[in-house]
Amino acid sequence: MVKAIELENVDLSLGRGAARVHILKGVSLSVGKGEALGLVGPSGSGKSTLLMVMAGLERQDAGVVRIDGQDLGPLDEDALARFRGRRVGIVFQSFHLLPTMTALENVAVPLELAGHSDAFARAKAELEQVGLGHRLTHYPAEMSGGEQQRVALARALAPDPAILVADEPTGNLDEATGQQIVDLLFRMKTERGATLILVTHDPGLARRCDRTIALRSGVIDVERSEALSSGRA
Ligand code: ADP
Ligand code: MG
């Protein structure tokens with residue numbers, strides 16, 4: 001198996017003073033290229049933090065994180081940001097669109113900042129891919145939740161990342177709309193051969209992944225992970 005992401009003994013605490021929390025405790029895992037990995041666990045178990053570490057958005061205190069074989073540890077902030085920009089697309093529960101920009105601008109401007117000369121043409125094509133060719137000049141406030149999430153998905157996919165991470169991407173959507181987003185997420189993943197890491201509360205959604213990892217208090221629950229991955233839970 002060619003590895004897209006590898007974590008070895010990752011530890012991470014966040015917060016200051018009395019508010020400091022030891023969130024990830026000796027987490028080791030690897031994700032194969034093109035694999036869809038589901039990440040489940042109770043609220044507060046460290047799923048979002050783990051996802052941020054796997055995306056290179058949060059740095060571990062100890063342990064090793066490799067993406068496509070590159071150890072992220074030695075990279076300085078600029079190098080890490082550039083690496084992430086090229087390799088990783090991120091979708092959040094709460095969309096994170098800029099309210100003062102149209103759908104087209106929300107997708108095109110980050111591409112432009114990353115140096116793509118064809119940013120607007122590319123953004124338009126991505127928005128058409130997610131079925132939003134008719135919403136290019138709409139602002140986020142003028143779109144439904146599902147439409148906003150599709151803009152966020154187009155933005156994440158536009159740089160053609162090898163890794164797509166999604167943190168409860170259907171958490172703010174009704175069931176039918178959530179289903180559309182999930183179908184789109186898996187279709188895009190398959191069409192582009194990307195690796196997908198999906199944090200979800202929804203067992204049905206976790207079952208669509210090739211494998212599932214269950215976290216409990218910042219530790220991988222091996223038994224539960226195996227049961228979920230083999231469809232016994
Ligand atoms: P999950 O996504 O599984 O709900 P999180 O990764 O968001 O869990 O958070 C795990 C734990 O770490 C929670 O108890 C949360 O309150 C705490 N936490 C998350 N981020 C910070 C932070 N920046 N500072 C202090 N504690 C944090
Ligand atoms: Mg979370």
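At what angle do α3 and α5 pack, and how far apart are their axes? In this predicted model, the two helices pack at an angle of about 20°, with their axes 9 Å apart. An angle under 35 degrees counts as roughly parallel, and α3 and α5 are therefore roughly parallel to each other. The crossing in which α3 passes α5 is right-handed. On the α3 side the contact involves Ala 103, Asn 106, Val 107 and Pro 110, which meet Val 151, Ala 154 and Arg 155 of α5.

Helix α3 also contains Leu 111, which is buried, with a relative accessible area of 2%. Leaving aside residues up to four places away in sequence, Leu 111 touches His 116, Ala 119, Arg 122, Ala 123, Ala 158 and Pro 159. Between Leu 111 and Leu 153, which lie 42 residues apart along the chain, the C-alpha separation is 14 Å.

Two of the residues touched by Leu 111, Ala 119 and Ala 123, belong to the buried set of helix α4 (residues 119-129), in which Glu 126 and Leu 127 are buried as well. These four residues lie on the same side of α4, because the arc that they cover around the axis is only 100°. An α-helix has 3.6 residues a turn, so residues three or four places apart point the same way. The cover over the buried residues of α4 includes α3 (103-113), α5 (145-157) and α6 (175-192). After α4 comes Gly 131, with a positive phi near 80°. The loop between α4 and α5 holds Ser 144, which is partly exposed, with a relative accessible area of 38%. Although Ser 144 and Thr 177 are 33 residues apart in sequence, their C-alpha atoms are 9.7 Å apart in space.

The strands are described next, beginning with an open sheet of six strands in the order β6-β7-β8-β3-β9-β10, in which the pairing is mixed. Its edge strands are β6 (88-91) and β10 (219-220), each of which pairs on one side only. Helix α1 (residues 47-54) packs on this sheet, where it touches β3 (36-40), β7 (163-167), β8 (195-199) and β9, and its direction makes about 145° with that of β3. Seven of the eight residues of α1 are buried, so that the helix is mostly covered; the buried residues are Lys 47, Thr 49, Leu 50, Leu 51, Met 52, Val 53 and Met 54. Gly 56, which follows α1, has a positive phi near 75°.

Within the six-stranded sheet, strand β3 is largely enclosed by the rest of the structure, because five of its five residues are buried. Both of its faces are covered, with Ala 36, Gly 38 and Val 40 buried on one side and Leu 37 and Leu 39 buried on the other. Strand β3 pairs in the parallel sense with β8 over four bridges, and Gly 38 has Leu 198 as its bridge partner in β8. The pairing of β3 with β9 is likewise parallel and extends over four bridges, with Leu 37 standing opposite Arg 211 of β9.

At one edge of the sheet, β6 is joined to β7 by four bridges, and these two strands run parallel; Ile 90 stands opposite Val 165 in β7. Although β6 is an edge strand, both of its faces are covered, with Val 88 and Ile 90 buried on one side and Gly 89 and Val 91 buried on the other. At the other edge, β10 pairs with strand β9 (residues 211-216) in the antiparallel sense over two bridges, and Arg 216 stands opposite Val 219 in β10.

A further open sheet is formed by four strands in the order β2-β1-β4-β5, with antiparallel pairing. Its edges are occupied by β2 (21-32) and β5 (70-71), each of which has a single partner strand, so one side of each is left without a neighbour in the sheet. The partner of β5 is strand β4 (residues 62-67), and the two pair in the antiparallel sense over two bridges, with Asp 71 in β5 as the bridge partner of Arg 66.

Note on methods: Residues are numbered from 1 along each chain as its sequence is written. Chains are lettered from A and ligands numbered from 1 in the order in which they are written. This is a predicted model: local features need pLDDT of at least 70, side-chain atom pairs count only at pLDDT 80 or more; totals for chains, interfaces and linings use all residues. Side-chain values use heavy atoms; hydrogens and water are left out. Buried means under 20% relative accessible area, exposed over 50%, partly exposed in between (1.4 Å probe, protein chains only). The arc is that of the directions from the helix axis to the C-beta atoms. Contact means heavy atoms within 4.5 Å. Two strands pair if DSSP finds at least two bridges between them. Axes are lines fitted to C-alpha atoms, for helices over the stretch in contact, and angles run from 0 to 180 degrees between N-to-C directions. Angles under 35 degrees count as roughly parallel, over 145 as roughly antiparallel, 65 to 115 as roughly perpendicular and the rest as oblique. A crossing is left-handed if the near helix is turned anticlockwise from the far one by less than a right angle, and right-handed if clockwise.
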